[in-house]
Amino acid sequence: MKVGIDLGTTYSTVAKYDKQTSKTEVIPNIFGKELTPSVICFLENGEIMIGEDAKDMQAGGAGIIAASFKRGMGDTGFNVEAYGKTYSAEQLSGMLLKQLITDAENQTGEKIDSAVITVPAYFNDFQRTATIRAGESCGIKVLKIVNEPTAAAISYGYNHSTDKTVMVYDLGGGTFDVTIVKISGGNITVVGTDGNHLLGGKDWDAVITKYVCEKFEEEFGVDPREDESTKNELIVAAENYKKVLSKADNVAIQVKYAGNSGKYTLTREEFDVKTQQLLNATRDVIINLMDELQIAWSDIDEVLLVGGSTRMPQVSEFLKKLTGRNNVIDHADTDLAVAKGAAIVSELYCSDKHGLSEHKIVDVTAHSLGALSTSVDGKRYINEIMIKKNSNVPVSVRKPFKIAEGNMTDKIEVYTLQGEGKNPLDCYVLAKVVISGFCNIGDGAIIDIEYTYDENGVVQVNAYQDGEMLDVEADPVPEDISWMGEAPGARPSDVPIARNIVICVDLSRSMKVSIEEVKDSIRDFVSSVSNDTTKIGLVGFGDKIKIIRDLTEDSNMIVTALDELKVNMLGRGTDASPLGTALSMLNGKPGAKMILVLTDGIWGKRDNAVGEAQMCRSAGTAIVAVGFAEADTAFLRQIATVEEGAMFTTLDRLGETFSTIAMAMNTGSMGLRESTGEKARLKR
Ligand code: AMP
C-alpha cells in the first residue's frame, strides 16, 4: 500500500487514496485518532513511548520528552539525550514514522511499502535529505517529498476540478507561507512561494500574554513575567484564550501572581486591533511574491486557508479586504489537507513501474541557490546565484567560472549558498564540495559548475571542464565562515596543499665559471621554499639528463645533492631537454607542480624542448625558465608557462631572481600560485 504522511512539528497524519472510489481517507492511529502527536517519551527502564502515550507523559512531566524535533531536521547540532543515548532529529523522525506506519498497517491490515512525505516549502536540501533517510530507515520507499502547501492545494484542487489559480495562505504555529498554484486538468503547477518563518500563531499568543501582564502590572505593580514558570504558564494559557476568541466575542482571563489575582476581559475587537500588525506582516510577504511573479489579484481565483492559525476569523476578514473579493476558502479540514494531498500524490502523481504518472506536479524552489565567488574587482566574496528562487523543479543550471590567473590550484572548493543577498554572510551555507581532476596551468582555466535541484528539492553539484565530468567530493562546511565577509585571500589556508618542484640545472661547458654561484643561489632558494608540504627534486642536463635526486621533502638531501653537480658531467653541449624527465617525475603527484629551469646557453634541440613544454602545459605543470649569460630570451619565453616566468638575469643577480621566484609562489604571479586554502577563487 502507498500512503501520504504529513510529518508535522506537533502532529502527524497518515492518509491513503483509494483509486477505485477516487476518495482519500485518513488512517486513524490505534487510538482511533486522525492526528498523532509528534512526541516521543523515553523512560528510565528503556521503554520508549511514541505519539498519544508520549503526549500524556509530557503533560504528566514524566520521562525524557522529545518534541518539535522536526525543527532540528538536518541540523547536526540538534540532539536529544536520553539515559545515555543520543538521538538526532532524523532518528527521532524515523522512530515516529515507524510508529505511524505500524499503526496504519494494524488499522488497515495492509503492508505499507512506500510513502510520500510532506515538508515545509522552505526546507533546505539537508532537511529534505534527512526526511528521506528517516523514511528509508523504517524500510519503506520514499516515493516523493512534497511541499506542504502544494499538498494542501492538491487535496483541495482534486475535489474542485475546474481550472483555477489558487493562493495557499498557510499560517501555522511558528511559520507563515504563501504559495500560488495553478490547477489545470489535474496537473498542479506551483507558480511561486515565499514565507516568513519567524511569524506564526505563537506571535498572536504573545500579544495576549503581553496584554494581561501589562494590565496586571498596572494594577499590582509587579509583572508576572518576572517569574519564569508563571510566564510559561501564561504563554500556554494565552494560546487557549486565543482559541476561545476564534469562537466567542470576548474571553475572561484570570492571572494569579505574587499573592495577587487579576481578572481581565479581552474582546475579539481589541485582540484584532492589537494583532493587526501581524496580519500586515503576512500581507507584505504576499505583495512581495505577487510583485516578483507579476501576478495581480485579478489572476487569483481563490485564496485557500491552511494552518491552524487561519481559524482566527480575523484572517479571512483581512484577506477578503485585501483581495477585494469574496473568494477566501476556509479549508474545511485544514489539519488533514496536507496528508490527504500527499496520499493523492502517492497514487496519481508518482511514476509507476512503467515510469508513468496520471498527473504532473511542477513545484518550485523556495530559495535561490548560489556559489561563493569573487566580485569582478576581486575585492570581496559574493553569492553568485545559480538557481533563482521560484524556479521550476527539476532544474539544472550550468555556469562557467574562471580560476584566477596565476592560481595554479588543482582543487576548487565550491560553497553552496542558500539565500537571495549578494553578501555570502546573509546566506545559509548549505554545503561544500571539492572539485579536482581538471587541468590548470595558471592561465585562468574555465570550470563549468552545475547545480541541479531534483523533484524532491535535493541539490546536487557537478563540475565539468571542456564537457568532461570532474571529480566532486563532499567536504564538511567549516564552522568559522567569517572569512566570507573579508577580502578574498585573507582566509588562512585550511588544507595545506602539496607543491612539487623539480629544479633543472644546465651543466654544459659554458657553466664552468658560474656553477658555484648557481649552487649557492639554489641552496638559498631551497631553504626559503621548503616546508612540510613541499617536495623538491634535482635534475642535471647537458647532452644527457640525470636525475640527481628524486622528489623529496627533505631539503637537506637536495642541499647535499647540489655538491654532486659538476660541469660537463653530462656532456659538453645542451642537446637534451630536461622538461620531459621533470614532467615524468611530477606525474601523478598531488598538489601544484612546477619545473624550474636554469640555463646559460643556447640549447641544441629547441623544438623538442618546446614540444615538451607544451606537454607540461597540458599536464598542468608550470615552467619557470631562468637564463643568464648566453641564454636565448625568445626561447625562454617559448618554454615558460606565462611570460613573467621567462626570466633573464645576470650571474650576480641570480640570488635575487630566485628570491623573486620564491615570493611568486606565495603571491600567485608567474603561474606559480601554489594551491592554498584559497581554492575557491572562482570568477564569473
Ligand atoms: P498548525 O501548525 O497548522 O497545526 O497550527 C498551529 C497553530 O494554530 C497554533 O499556533 C495554534 O494555536 C493555532 N490554532 C489552532 N486552532 C486554533 C483556533 N481555533 N484559533 C486560533 N488559532 C488556532
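The exercises below treat helix packing, burial and strand pairing in one predicted model.

Residues are numbered from 1 along each chain as its sequence is written, and side-chain values use heavy atoms, with hydrogens and water left out. Since the model is predicted, local features need pLDDT of at least 70 and side-chain atom pairs count only at pLDDT 80 or more, whereas totals for chains, interfaces and linings use all residues.

**Exercise 1. Describe how helix α13 packs with helix α14.**

Step 1. Helices (H or I, at least four residues) and strands (E, at least two) are DSSP runs, numbered from the N terminus. Helix α13 covers residues 579–586 and helix α14 covers residues 606–618.

Step 2. Axes are lines fitted to C-alpha atoms, for helices over the stretch in contact, and angles run from 0 to 180 degrees between N-to-C directions. The angle between α13 and α14 is about 20°, and their axes are 9 Å apart.

Step 3. Angles under 35 degrees count as roughly parallel, over 145 as roughly antiparallel, 65 to 115 as roughly perpendicular and the rest as oblique. Helices α13 and α14 are therefore roughly parallel to each other.

Step 4. Contact means heavy atoms within 4.5 Å. On α13 the contact is made by Leu 579, Gly 580 and Leu 583, and on α14 by Ala 609, Glu 612, Ala 613, Met 615 and Cys 616.

Step 5. Ala, Val, Leu, Ile, Met, Phe, Trp, Tyr, Cys and Pro count as nonpolar, Asp, Glu, Lys and Arg as charged, and the others, Gly among them, as polar. The contact of α13 with α14 thus comprises six nonpolar residues, one polar and one charged.

**Exercise 2. Classify the packing of helix α5 with helix α6.**

Step 1. The axes of α5 (residues 201–220) and α6 (residues 228–247) come within 8 Å and cross at roughly 110°.

Step 2. That angle makes α5 roughly perpendicular to α6.

Step 3. Residues of α5 that make the contact include Trp 204, Asp 205 and Ile 208, while those of α6 include Leu 234, Glu 239 and Tyr 241.

Step 4. The residues of this contact of α5 with α6 divide into eight nonpolar, two polar and three charged.

**Exercise 3. Locate Ser 316 and describe the helix that holds it.**

Step 1. Ser 316 is found in helix α9, which spans residues 313–323.

Step 2. Buried means under 20% relative accessible area, exposed over 50%, and partly exposed in between (1.4 Å probe, protein chains only). With a relative accessible area of 16%, Ser 316 is buried.

Step 3. Leaving aside neighbours within four places in sequence, Ser 316 is in contact with Leu 305 and Val 328.

Step 4. Helix α9 is mostly covered, with eight of its 11 residues buried. Among them are Val 315, Phe 318 and Leu 322.

Step 5. Helix α8 (residues 276–293) packs with α9 at an angle of about 45°, with the axes 11 Å apart. The two helices, α8 and α9, are therefore oblique to each other.

Step 6. After α9 comes Gly 324, whose phi is positive, near 75°.

**Exercise 4. Determine how strand β33 is enclosed and paired.**

Step 1. Strand β33 covers residues 592–599; eight of its eight residues are buried, so it is largely enclosed by the rest of the structure.

Step 2. Both faces are covered: Ala 592, Met 594, Leu 596 and Leu 598 lie on one side, and Lys 593, Ile 595, Val 597 and Thr 599 on the other.

Step 3. Two strands pair if DSSP finds at least two bridges between them. Strand β30 (residues 499–506) runs parallel to β33 and is joined to it by seven bridges; Val 505 stands opposite Leu 598.

Step 4. Strand β34 (residues 621–628) also pairs with β33 in the parallel sense, over seven bridges. Here Lys 593 stands opposite Thr 621.

**Exercise 5. Give the strand order of the open sheet that contains β5, and name its edges.**

Step 1. The sheet has three strands in the order β6-β5-β7, with antiparallel pairing.

Step 2. The edge strands are β6 (48–50) and β7 (64–67), each of which pairs on one side only.

Step 3. From one strand to the next, the twist averages 15°.

Step 4. Four bridges join β5 (residues 39–42) to β7, and Ile 40 stands opposite Ala 66 in β7.

Step 5. Helix α2 (residues 89–108) lies across β5, β6 and β7, running at about 105° to β5.
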